[in-house]
Amino acid sequence: MAPIQRALSSGSEGGGDPPMVLDERKRKRMLSNRESARRSRMRKQKQLEDLTEEVTKLQSANKNLAEAIKAKEEAMTETEAANGVLRAQLTELTDRLRFLNSILEIAEDVSGLSVDIPEIPDPLLKPWQIPHPIQPIMASADMFLH
């Protein structure tokens, strides 16, 4: 009989419910709390798995971006080297043209004949109208990479 008295005296409801009903409520509340804690642990586990998966995806994306950046930097370096070669070729061709024009001017002065001397274009004013070289000039990107 002692457990019944304890249940009655310790009952916070004090509504006069029989002790079996109080024990049943307590048991149901404990089960409910356990189930709630289990669901909470499952949610936390799912969140951890989702975050771990997201970290993996972001690390992969970061690696891909780093590789793409490296490839672009290498392409830019190659383009800059090729651009340097083209600038050297332009300078050499411009110097050749000036030299040939000076020869034409001398020939015109000596012979008295009128010769059409082509104007040397300024590549900075109209870079799309740079004359194409008639003969190839031997220069390579290796000259500028060392």
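## Exercises on a long helix

Glu35 and Arg38 are 3 residues apart in helix H2, so about one helical turn separates them. The exercises below start from this pair. This is a predicted model, in which local features need pLDDT of at least 70 and side-chain atom pairs count only at pLDDT 80 or more, while totals for chains, interfaces and linings use all residues. Residues are numbered from 1 along each chain as its sequence is written, and side-chain values use heavy atoms, with hydrogens and water left out.

**Exercise 1. Find how many helices and strands the protein chain has, and check the span of H2.**

Step 1. Helices (H or I, at least four residues) and strands (E, at least two) are DSSP runs, numbered from the N terminus. The protein chain has 3 helices and 0 strands, giving the order α-α-α from the N terminus on.

Step 2. Helix H2 covers residues 19-111. The expected span of a helix is 1.5 Å times one less than its number of residues. For the 93 residues of H2 this gives 138 Å, and the end C-alpha atoms are 134 Å apart, which agrees.

Step 3. Look just after H2: Gly112 takes a positive phi of about 80° there.

**Exercise 2. Work out which residues pair up in salt bridges along H2, and how exposed they are.**

Step 1. Recall the cut-off: a salt bridge is a side-chain nitrogen of Lys or Arg within 4 Å of a carboxyl oxygen of Asp or Glu. The structure holds 6 salt bridges.

Step 2. Begin with Glu35 and Arg38, whose closest N and O atoms are 2.4 Å apart. Buried means under 20% relative accessible area, exposed over 50%, and partly exposed in between (1.4 Å probe, protein chains only). Glu35, at 30%, is therefore partly exposed, and so is Arg38, at 36%.

Step 3. Move on to Asp50 and Lys46, which also form a salt bridge, at 2.9 Å between the closest N and O atoms. They are 4 residues apart in H2, so about one helical turn lies between them. Asp50 is partly exposed at 34%, as is Lys46 at 48%.

Step 4. Now take Lys57 and Glu53, whose side chains meet in a salt bridge of 3.3 Å, N to O. Again, 4 residues in H2 make about one helical turn. Glu53 is partly exposed at 43%, whereas Lys57 counts as exposed because its relative accessibility is 54%.

Step 5. Look for shared partners: salt bridges of this kind join Glu35, Arg38 and Arg39 into one network.

**Exercise 3. Is Thr94 buried or exposed? Compare it with Leu100 and Leu104.**

Step 1. Thr94 has a relative accessible area of 16%, so it is buried. Other buried residues in H2 include Leu22, Ala81 and Val85. Over the whole chain of 146 residues, 7% count as buried.

Step 2. Check the side chain of Thr94: one of its polar atoms lies 2.7 Å from the backbone oxygen of Leu90.

Step 3. Leu100, also found in H2, is partly exposed, since its relative accessible area is 47%. Leu104 lies in H2 too and is partly exposed at 30%.

Step 4. Finish with a distance: the C-alpha atoms of Leu104 and Ser114 are separated by 9.5 Å, and these residues are 10 apart along the chain.

Key
Polar contact = N/O pair within 3.5 Å; in protein donor to acceptor, adjacent residues only side chain to side chain.
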